[in-house]
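Student: Please take me through one part of this model closely, beginning with a single side chain and working outward from there. I would like the cut-off behind each term as it comes up.

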Amino acid sequence: MRTPLLASALLLAGLATASAQNAGTDSGSAAAPVPGQPATMADNLRPTFVAQTPDDMVASKLIGSSVVNGANETIGQIADFVLDQKGAVKAWIIGVGGFLGIGSKYVAVDPSVLKLNRTDDKTLQARIDTTKDQLRAAPEYVYLGKEPPKGAAPASPAGEPAAKP
């Protein structure tokens, strides 16, 4: 009993909707239906696709790369980098000290002091003119929302020299 009543109600609702649509078009309105058009983008909004070239450096290959000094001593690893609003590197975050990433201290260095180059087709290397002791003595980089280590002075923003006591 329920199924025929439900089917009848749905049929009547469909007929009422169709007659209301027909009544709106029969009233002599000047607006005719417009056929559907596929959505398009203006040429200046289309994404630009880029292919990697042999000279390009990929971030996934930079993170974890060794940082060496002029004496070719490994003094840290690239742990992260900070981008500005335009997408340019604002600071390189270098992990120094610790063992296997445990107990590492992070310091932010200006991008102009870190030179990136290839040692072969697959390996990237970062060079900086400093020592491991100088990096250890540098102010620790603290990510926004993280607590600085106990007893540490607050870190200066990336790219600015640390305040002297």
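Tutor: Tyrosine 143 has a relative accessible area of 31% and therefore counts as partly exposed, where buried means under 20%, exposed over 50% and partly exposed in between, with a 1.4 Å probe and protein chains only. Tyrosine 141, at 18%, is buried. This is a predicted model, in which local features need pLDDT of at least 70 and side-chain atom pairs count only at pLDDT 80 or more, while totals for chains, interfaces and linings use all residues. Residues are numbered from 1 along each chain as its sequence is written, and side-chain values use heavy atoms, with hydrogens and water left out.

The structure contains two aromatic pairs (rings of Phe, Tyr and Trp, the last by its six-membered ring, with centres within 6.5 Å; planes under 30 degrees apart are stacked, over 60 edge-to-face, and the rest tilted). One of them joins phenylalanine 81 and tryptophan 92, whose ring centres are 5.4 Å apart and whose planes meet at 55°, so this pair is tilted. Because phenylalanine 81 belongs to strand 2 and tryptophan 92 to strand 3, the pair ties together parts that are eleven residues apart in sequence (helices, H or I of at least four residues, and strands, E of at least two, are DSSP runs numbered from the N terminus). Phenylalanine 81 is partly exposed at 23% relative accessible area, whereas tryptophan 92 is buried at 5%. The rings of tyrosine 141 and tyrosine 143 have their centres 5.1 Å apart and their planes at 85°, so that pair is edge-to-face.

The tilted pair leads into the sheet. Strand 2, residues 74–83, and strand 3, residues 89–96, are paired in the antiparallel sense over six bridges, given that two strands pair if DSSP finds at least two bridges between them. Glutamine 77 has glycine 95 of strand 3 as its bridge partner. On the other side of this neighbourhood, strand 3 and strand 4 also run antiparallel, joined by five bridges, and isoleucine 93 stands opposite alanine 108 of strand 4. These strands belong to an open sheet of six strands in the order 4-3-2-1-6-5, with mixed pairing. Its edges are strand 4 (105–109) and strand 5 (114–118), each of which pairs on one side only.

At the edge formed by strand 4 the side chains alternate, with Lys105, Val107 and Val109 pointing to one face and buried, while Tyr106 and Ala108 point to the other face and are not buried. Towards the opposite edge, strand 5 pairs with strand 6 in the antiparallel sense over five bridges, and leucine 116 has alanine 126 of strand 6 as its bridge partner. Five residues separate strand 5 from strand 6 in the hairpin that they form.

Next comes the packing of nonpolar side chains. The largest nonpolar core has 14 residues, and those with the most contacts inside it are Val67, Ile94, Leu114, Ile128 and Leu135; such a core is a set of buried Ala, Val, Leu, Ile, Met, Phe, Trp, Tyr and Cys residues joined through side-chain atoms within 4.5 Å. Strand 2, strand 3, strand 4 and strand 6 (124–128) each supply at least two residues of this core. Leaving aside neighbours within four places in sequence, isoleucine 128 is in contact (heavy atoms within 4.5 Å) with residues including Val67, Ile75, Ile94, Val109 and Leu114.

Isoleucine 75 also brings helix 3 into the picture. Lysine 132, which lies in helix 3 (residues 132–137), is partly exposed at 31% relative accessible area. The C-alpha atoms of lysine 132 and isoleucine 75 are separated by 4.9 Å, although the two residues are 57 apart along the chain. Apart from neighbours within four places in sequence, lysine 132 is in contact with Thr74, Ile75 and Val96.

As for the setting of this part, the chain has three helices and six strands, which follow one another in the pattern α-α-β-β-β-β-β-β-α. Of the 165 residues in the chain, 16% are buried.
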